[in-house]
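Got your viewer open? Load the model below and keep the selection panel handy.

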Amino acid sequence: MFMHANVANDATTSTELTFHHQLSIYLKDSNAYGNTYFARYFEWQGICREKWFYECISRDMLQQEGVFITKHAEQDFLQETFPFQDITCEVNSYDIKRCSFWLEFRFYANGKLVARGRQQLVFASHTKQIKALPELVLKRIGRYALRK
């Protein structure tokens with residue numbers, strides 16, 4: 001059920017891929033009432049983004065070519081979660097441009113959508129000047145684009 005791109009295979013595909021990453025909630029992730037801290041979802045966005053990028057886009061995270069800047073991030077909470085629940089995060093890209101793209105994060109517990117988040121990422125040089133993403137990277141990001 002988990003779909004990951006093989007970064008060595010760069011053939012264009014018309015099939016939308018979705019990246020899946022499993023997380024677990026622990027006591028440290030919750031407050032005195034036992035529900036999950038909202039800040040954990042932002043942390044999990046970062047973990048899932050890094051794992052997606054490493055496994056599906058570029059293992060070196062493009063460190064030699066530039067940096068990613070998070071221009072926008074948000075999180076919508078739909079239902080409470082609690083310690084010892086397993087969370088599955090689905091990641092897809094959308095609104096892909098030459099220098100930027102958006103990621104959507106969908107968090108599920110027991111098959112129910114519990115939170116949804118978004119991030120806009122901009123690629124820049126090490127001196128923080130916006131620059132175009134490499135063509136191969138754009139193609140790989142495009143494999144995970146939501147088809148509407």
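This tour goes through a set of charged side chains, a pocket, a helix and a loop residue. Bear in mind that what you are looking at is a predicted model.

**Stop 1: the charged network**

Start by selecting K28, D29, R40 and E43, and show their side chains. These four are linked in a network of salt bridges. The model has 10 salt bridges by the rule used here.

Centre on D29. Is D29 buried or exposed? D29 counts as buried because its relative accessibility is 2%, below the 20% cut-off. From D29, look for two partners. One is K28, with the closest N and O atoms 3.1 Å apart. K28 counts as exposed, at 56% relative accessibility. The other partner is R40, and here the closest N and O atoms are 2.7 Å apart. Now turn on the cartoon: D29 lies in the loop between β1 (19-24) and α1, while R40 is in helix α1, so this pair ties together parts that are 11 residues apart in sequence.

Stay on R40 for a moment. R40 is buried too, with a relative accessible area of 19%, under the 20% limit. R40 also forms a salt bridge with E43, where the closest N and O atoms are 3.4 Å apart. Both R40 and E43 sit in helix α1, three residues apart, about one turn of the helix. How much of E43 is accessible? E43 comes out as partly exposed, with a relative accessible area of 39%.

If you want the general idea behind this stop, side chains of opposite charge can pair when their charged atoms come close.

**Stop 2: the largest pocket**

Next, select R49, E50, F53, M61, Q63, G66, V67, F68, L121 and H126, which line the largest pocket. The volume of this pocket is about 170 Å³. Colour the lining by residue type and you should find five nonpolar, three polar and two charged residues.

Which element gives the most to the lining? That is α1, with three residues. Both α1 (39-57) and β2 (67-77) supply at least two lining residues each.

**Stop 3: the buried side of α2**

Jump to α2 (135-142) and pick V137, L138, R140, I141 and G142. These residues of α2 are buried. What covers them? Show α1, β3 (86-94) and β4 (100-109), which are among the elements covering the buried residues of α2.

**Stop 4: S125**

Finish at S125, in the loop between β5 (112-124) and α2. S125 is buried, with a relative accessible area of 16%, again under 20%. Draw a distance from the side chain of S125 to the side chain of T127, and you will see a polar contact at 2.9 Å.

Now expand the selection around S125. Leaving aside residues up to four places away in sequence, S125 touches G66, V67 and K131. You have already met G66 and V67, as both belong to the lining of the largest pocket.

How values were computed: Residues are numbered from 1 along each chain as its sequence is written. This is a predicted model: local features need pLDDT of at least 70, side-chain atom pairs count only at pLDDT 80 or more; totals for chains, interfaces and linings use all residues. Side-chain values use heavy atoms; hydrogens and water are left out. Helices (H or I, at least four residues) and strands (E, at least two) are DSSP runs, numbered from the N terminus. Buried means under 20% relative accessible area, exposed over 50%, partly exposed in between (1.4 Å probe, protein chains only). A polar contact is a pair of N or O atoms within 3.5 Å; within protein, one must be able to donate a hydrogen and the other to accept it, and residues adjacent in sequence count only if both atoms are side-chain atoms. Contact means heavy atoms within 4.5 Å. On a 1 Å grid over the protein atoms alone, a cavity is a set of points where a 1.4 Å probe fits but cannot get out, and a pocket is an open set with protein on both sides within 12 Å along at least five of seven lines; lining residues have an atom within 4 Å of a point. Grid points are joined across faces, edges and corners, and a volume is the space filled by probe spheres set on the points. Ala, Val, Leu, Ile, Met, Phe, Trp, Tyr, Cys and Pro count as nonpolar, Asp, Glu, Lys and Arg as charged, and the others, Gly among them, as polar.
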